[in-house]
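This report starts at one internal cavity and then moves outward. A helix and a glycine follow.

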Amino acid sequence: MTVTRNSILAVALAGLFAGPLVSEGKVRSSRLDDRSLRISDGSLFVPQDFYPEFSWDATPRYYMFGNEHRLLTPEQVRFIAERTDFLCIEKKHGLKELGAAELGAKHEAAAFKKIKPEMKVLFYFNAAYAWPYTSYNKAFTKERIDANPTFKKFLVPHPKTGQLADQFGAFCFDVLNPDFRKWWVDTVAKGVRESGCDGAFIDQMHGNSDLRKDKTAAIEKAMGEMMTALKKKLGPDKILLANNAYGESARYVYPVSDAIMFENYANVKSSKESLLFEWDEMLRNAKAGKISVFRLGVEGTGRRNLQPNMPELSKQKEKVEFALACYLIGAQPYSYFLYSWGWKVSSGALVDYPEFKRPLGPPKGGYKRTTPDGWEFTREFEHASVWVNTETREAKIIWR
């Protein structure tokens, strides 16, 4: 188990007053267990002082959610705080109630830190799509954009129509515009500062390269320059989490990112080949001292085929076990697991999954591949034996 400065302080003060919440499965101790920081290649993970707390005592979990209509209730804040030390407030949380997403993030960051000071809360912003949910980017709507010519220059026209391109109802940012990059960096840093968050979750690392395939190389480089500037602007004690920023296309973004999310937003993304690649990337992250967030949703779901009984469906043993096993096979120190069927508060954040609270303990080594070219993998933890077949999408976890 890993013990941090905050956890030791909590022990010292425990006899004086009721201290902050302790995550389920986490045991306070004054003894640092180096096994909790041992990477599967035998080297030691070196965390930054501003990272969240981490423990193998139970499945380490990351949360990410939003609700534009309502803020969390005190009971919901406590439910989530009992299960994680690390989360992100999604892009339009609190919009209807407070009028701007940064106010929703500010409200929830304060609520979590009031009962759990060590909680790390991230502010959401998109690097490719101009979602108009904060007070900083309200101009990026069809009704307002023509009255804001400076902001209009920050957007990409569609190569076929010449009209402003849009994806999922949002305009598309032009990362090749240096004036946009400066505005974006200043805006994200302002959002983190004004919301009282501990860093930023940056979504969509592609820079809308699909609209300008002949400029892909320049876009990738510009994205790296923008993220480098953001990391500097945020300061040395803030977390920069980049979504899906791994592989060759992210070679300029990766070096300045503190954390990488493996989103797995669709079944095609979590193919057997993709999962194997992600496990190796999680090892690469650990060796570089970076946080990994491994997200695997409830299989067979998506925006077009969500079922009315999703909470019950998500708790089916075969679904929970497969997703958790896929995380455990590749998990390293400071690897976190996210299980959901979307990005709303109602998409899993308030569902109780007993499997994730079971005692886990540190891994005893890296994963083993049953045959050189096969798709069965095993791994041993102190309190669990994990088996998964990523071709048949079956799994088994034996707890002890």
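The lining of the second largest cavity divides into 10 nonpolar, 3 polar and 2 charged residues. The model is a predicted one. The cavity itself holds about 110 Å³ of space. Of its 15 lining residues, the closest to the centre are Lys91, Ala101, Tyr124, Phe125 and Thr134. Two elements give two or more residues to this lining: helix H4 (101-115) and strand E3 (120-126). E3 supplies the largest share, 4 residues. The structure holds 3 cavities of 30 Å³ or more.

| Lining class, second largest cavity | Residues |
|---|---|
| Nonpolar | 10 residues |
| Polar | 3 residues |
| Charged | 2 residues |

**Helix H4**

What length should H4 span at 1.5 Å a residue? Its 15 residues should span 21 Å, and the end C-alpha atoms are 22 Å apart, which agrees.

The buried residues of H4 are Ala101, Glu102, Gly104, Ala105, Glu108, Ala109 and Phe112. They cover an arc of only 150° around the axis, so they sit on the same side of H4. The general geometry of an α-helix is relevant here. With 3.6 residues a turn, residues three or four places apart point the same way.

Which elements cover the buried residues of H4? The cover includes strand E1 (63-65), helix H2 (74-81), strand E2 (86-89) and helix H3 (95-98). E3 and helix H6 (178-195) are also part of it. E3 thus appears in two roles: it is among the elements covering the buried residues of H4, and it gives the largest share of the cavity lining. Ala101 also appears twice. It is one of the buried residues of H4, and it is among the residues closest to the cavity centre.

**Gly342**

Now to a loop. Gly342 is found between strand E10 (335-338) and helix H11 (345-349). Is Gly342 buried or exposed? Its relative accessible area is 13%, and the cut-off for buried is under 20%, so Gly342 is buried. Leaving aside neighbours within four places in sequence, Gly342 is in contact with Arg295 and Ser347. The C-alpha atoms of Gly342 and Val298 are separated by 9.0 Å, and the two residues are 44 residues apart along the chain.

**The whole protein**

The protein has 11 helices and 14 strands. Of its 400 residues, 56% count as buried. Among contacts between residues at least 6 apart in sequence, 69% join residues at least 24 apart.

Key. Residues are numbered from 1 along each chain as its sequence is written. This is a predicted model: local features need pLDDT of at least 70, side-chain atom pairs count only at pLDDT 80 or more; totals for chains, interfaces and linings use all residues. Side-chain values use heavy atoms; hydrogens and water are left out. On a 1 Å grid over the protein atoms alone, a cavity is a set of points where a 1.4 Å probe fits but cannot get out, and a pocket is an open set with protein on both sides within 12 Å along at least five of seven lines; lining residues have an atom within 4 Å of a point. Grid points are joined across faces, edges and corners, and a volume is the space filled by probe spheres set on the points. Ala, Val, Leu, Ile, Met, Phe, Trp, Tyr, Cys and Pro count as nonpolar, Asp, Glu, Lys and Arg as charged, and the others, Gly among them, as polar. The expected span of a helix is 1.5 Å times one less than its number of residues. Buried means under 20% relative accessible area, exposed over 50%, partly exposed in between (1.4 Å probe, protein chains only). The arc is that of the directions from the helix axis to the C-beta atoms. Contact means heavy atoms within 4.5 Å.
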